[in-house]
Amino acid sequence: MIKVTVWNENLHEQRQEEVRQIYPQGIHGCIADFLGADRNLFVRTATLEEPEHGLTEEVLSDTDVLIYWGHTAHHAFSDEVAERVQRHVLQGMGLIALHSAHLAKIMIRLLGTSMTLRWRHGDRERLFATAPWHPIAQGVPPHFDIPVEEMYGEYFDIPKPDDVVFTGWFAGGEVFRSGCTFQRGLGRIFYFQPGHETYPIYHMPEIQQILANAVNWCAEVRRQRRPLDCTAVKVALEEEYANPIRLSVFYDHIAQAVDQAGGAKSLDQIMKSCSDFGIRGIDVEYRQLCADFDRIDAALRRNYMEVAGIYQFYDLRNRSDVDAGKGQIEMAHELGVKRILIVPGFLDEEEAKALHSVSGDYFAVERFMERSLCIRSMREALTELVQYARQFGVEVTLEDFDDNRSPCSRMNELLWFMRNVPGLRCTFDMGNFAFGYENVMEAYELLKRYIVHVHCKDRGSEGSGLKSVPTGSGYIPVAQLVRKLKEADYRGYLSIEHFGDLDQLAGMEQSAHFLKAIVCPG
C-alpha cells in the first residue's frame with residue numbers, strides 16, 4: 001500500500017466563496033477523495049494552520065508521496081518544516097508539487113533556482129503529452145483542453161528536467177513546460193502546472209489520471225524498498241577498503257533494548273547508539289521485516305545502516321513455505337541484501353536422534369540423509385530456492401542451527417547440504433557447534449570454503465554451558481576465528497548475537513568494541 005499525504009494551504013477555500021463552491025472540502029479534500037478510491041492507496045491530508053503544518057516527523061516518516069499545493073502563504077511555511085520535507089525527499093519520499101507550489105520553499109531548496117515564470121489569469125490551455133512513453137502519461141489522451149486556466153509561460157527558471165512529460169499551449173500563444181520530472185537524492189519529484197484555485201481543474205478525469213499515475217511513479221523508490229546508497233563517511237575510505245569486514249547485530253536485540261529501556265529510549269535512539277558503536281547492519285527475520293518495514297527502514301536510513309541479512313524459519317516440505325522463501329529472496333534483492341538465511345525445518349525427535357548418533361562420520365551421515373524422505377524434500381526445496389535466487393544475485397545459506405531436531409546442527413550434516421545443493425552457502429555460527437559438543441575450529445576448517453556470513457555468538461564462561469553472552473566474554477575462540485577469517489580475505493558481516501542478554505544495549509556495545517579491536521587493530 002502506498003501512503004499519500006495531500007497538503008494544501010487551505011486559505012483560499014476559507015476566504016473566497018467562489019473557491020469554496022468549487023472545492024467545498026478544500027483542494028486537498030478533492031484530491032484525497034479521488035485518490036482514495038484506489039484501494040492500494042492510503043491517503044491523509046494536512047494543511048498550513050495545523051501544528052508543524054501537519055507535516056511532523058512522524059507523518060513524513062509514514063509518507064511515500066507528498067502532494068503539495070501552495071499559493072499565497074509560501075512565506076508562512078516554516079523553514080524548519082521545509083528542511084524536514086527536503087530531507088525526506090532526499091531519502092526517498094516522492095513529491096508532487098502542484099500549480100503555484102513552484103515557488104514553495106521546499107521546491108526552491110530542492111531545485112536550487114528562482115522558479116520564477118510569466119503568468120496571466122483566464123486563458124484556455126491545451127495540454128500535450130510530450131513524453132507519451134512515461135508512466136505518468138499512461139492512459140492520458142495525446143492532448144486535451146482545459147477550458148479555463150491561469151496561463152503560466154516561459155521562461156520558467158528551473159534546472160533541466162529529467163523529462164518534460166506534458167507541455168502546455170495557451171490561446172494567447174504562450175507555451176510552458178507544464179509537467180516536469182526531477183530526481184533529488186533518492187526522491188522523485190513531479191511538478192504539474194494545471195490547478196488554479198478558481199477553476200475546477202482537479203475535477204477533470206484527465207487531471208485525476210495524471211495525478212494517480214504520478215503517485216505510483218513517485219512511490220516506486222519506496223515501493224521497491226531500496227536502501228539509501230550514499231551513507232555518511234564516518235571513517236576514511238582507506239580504512240573501509242583495508243577492513244572489508246563489517247559489523248551487524250540481530251534486530252531482535254535492538255527491539256529488546258528498546259523494551260529494556262522502559263520508554264526512556266526509542267528505536268531510533270537505540271539504533272543511533274548501535275551506529276555509534278560501529279555497527280553497520282542488522283540481521284532481521286523476514287516476517288518481522290515485512291510487518292514493520294516502514295519503521296525499521298526509516299530508522300536504518302536515519303542512522304546510516306542497512307539490512308545485512310534476512311532469515312526465516314520454514315518447513316520446506318510445504319509448497320507454501322517454498323513460495324514464501326521466494327518472497328524472501330525477492331525482498332533481499334530489492335534491498336540490495338546479498339545473502340539470506342533459511343532454517344529449512346525440523347525432524348521428528350526419533351529421526352533426529354538417529355541422525356545425530358552418526359554425525360561424527362560423514363559417510364554415515366551421507367547414507368542417513370539419502371534414506372530420509374524429509375531431508376530429501378528439504379534438499380529439493382533448497383535446490384529450487386538456490387536456483388531461483390541466482391537470477392537475483394542472492395545467495396541462500398544454512399547455518400549450524402542449535403536445536404536437536406535440526407538436520408544441520410552438526411558440522412558433517414551441514415557439510416552434506418553444502419555438497420548436495422549446488423550453490424548453497426554457509427552462515428557460520430561460532431557458538432552453535434558447542435550445542436553438539438563439536439570443536440568450532442575443526443568445523444571452521446571443514447566448512448571454510450562455503451562461509452559467506454558469520455554469527456559471532458559466544459557462550460558463557462567455562463562450565464556454564466550454552467548461555468549466550470556478549471561476544472568475547474565467553475569460552476568460544478572468537479578472536480582466533482575472526483583472525484582466520486581475515487587471513488582468508490573474508491568480506492562480509494560479523495553479526496553480533498546474544499539472545500537473552502539482560503542488558504542488550506551494553507552487550508551490543510561490549511561486543512562491537514571487542515570485534516572492532518580485532519578487525520581494526522590499533
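This passage walks through the predicted model, from its overall layout to a handful of individual residues.

The protein is built from 21 helices and 18 strands. Along the principal axes, its C-alpha atoms occupy a box of roughly 90 × 45 × 40 Å. Of its 522 residues, 57% are classed as buried. Among contacts with a separation of 6 or more, 75% link residues 24 or more positions apart. The accessible surface amounts to about 21,800 Å², and carbon and sulfur atoms contribute 50% of that area. As for charge, the protein carries 55 positive and 75 negative charges, and the mean positions of these two sets lie 4 Å apart.

A good place to start looking in detail is helix α3, which spans residues 26-36. This helix is mostly covered, with 9 of its 11 residues buried. The buried positions are Gly26, Ile27, His28, Gly29, Cys30, Ile31, Ala32, Phe34 and Leu35. Their packing partners include strands as well as helices: β1 (2-8), β2 (41-47), β3 (65-69) and β4 (94-98) on the one hand, and α1 (12-15) and α7 (205-218) on the other.

Cys30, one of the buried residues of α3, leads on to the cysteines. Its relative accessible area is 10%, so Cys30 counts as buried, the limit being 20%. How many disulfides does the protein have? The count comes to 0. A disulfide is a covalent bond between the sulfur atoms of two cysteines. For Cys30, the closest cysteine sulfur belongs to Cys218 and is 19 Å away, which is too far for a bond. Cys218 is in no disulfide either, as its nearest cysteine sulfur, that of Cys180, is at 13 Å. Cys218 is buried too, with a relative accessibility of 0%.

Another helix, α5, covers residues 79-90 and contains Arg84. Is this arginine, Arg84, buried or exposed? Arg84 is buried, because its relative accessible area is 8% and the cut-off lies at 20%. The side chain of Arg84 forms a polar contact of 2.8 Å with the side chain of Glu52. Leaving aside residues up to four places away in sequence, Arg84 touches Glu52, Leu55, Thr56, Glu57 and Leu60. Glu52 therefore appears both in the list of residues that Arg84 touches and as its partner in the polar contact, which counts as such because the 2.8 Å distance falls within 3.5 Å.

Two loop residues complete the tour. Pro344 sits in the loop that runs between β13 (339-343) and α15 (349-357). With a relative accessibility of 2%, Pro344 is buried. When residues up to four places away in sequence are set aside, the neighbours that Pro344 touches are Tyr314, Asp315, Leu316, Met378, Leu382 and Leu398. Gly325 is 19 residues from Pro344 along the chain, and the C-alpha atoms of the two are 9.8 Å apart.

Gly393 is likewise found in a loop, the one between α17 (373-390) and β14 (395-399). Here the relative accessibility is 43%, and Gly393 counts as partly exposed because this value falls between the 20% and 50% limits. Between the C-alpha atoms of Gly393 and Asp252 the separation is 26 Å, with their places 141 residues apart along the chain. Looking at the two loops together, Pro344 is buried, whereas Gly393 is partly exposed.

How values were computed
Residues numbered from 1 in each chain as written. Predicted model: local features only at pLDDT ≥ 70, side-chain atom pairs only at ≥ 80, totals over all residues. Heavy atoms only, no water. Helix = DSSP H or I, 4+ residues; strand = E, 2+ residues; numbered from the N terminus. Buried < 20%, exposed > 50% of the residue type's maximum accessible area, 1.4 Å probe, protein only. Contact = heavy atoms within 4.5 Å. Areas by Shrake-Rupley, 256 points an atom, 1.4 Å probe, with all protein chains shown as cover. Lys, Arg positive; Asp, Glu negative; His and termini not counted. Charge placed at Lys NZ, Arg CZ, Asp CG, Glu CD. Polar contact = N/O pair within 3.5 Å; in protein donor to acceptor, adjacent residues only side chain to side chain. Disulfide = S-S within 2.5 Å.
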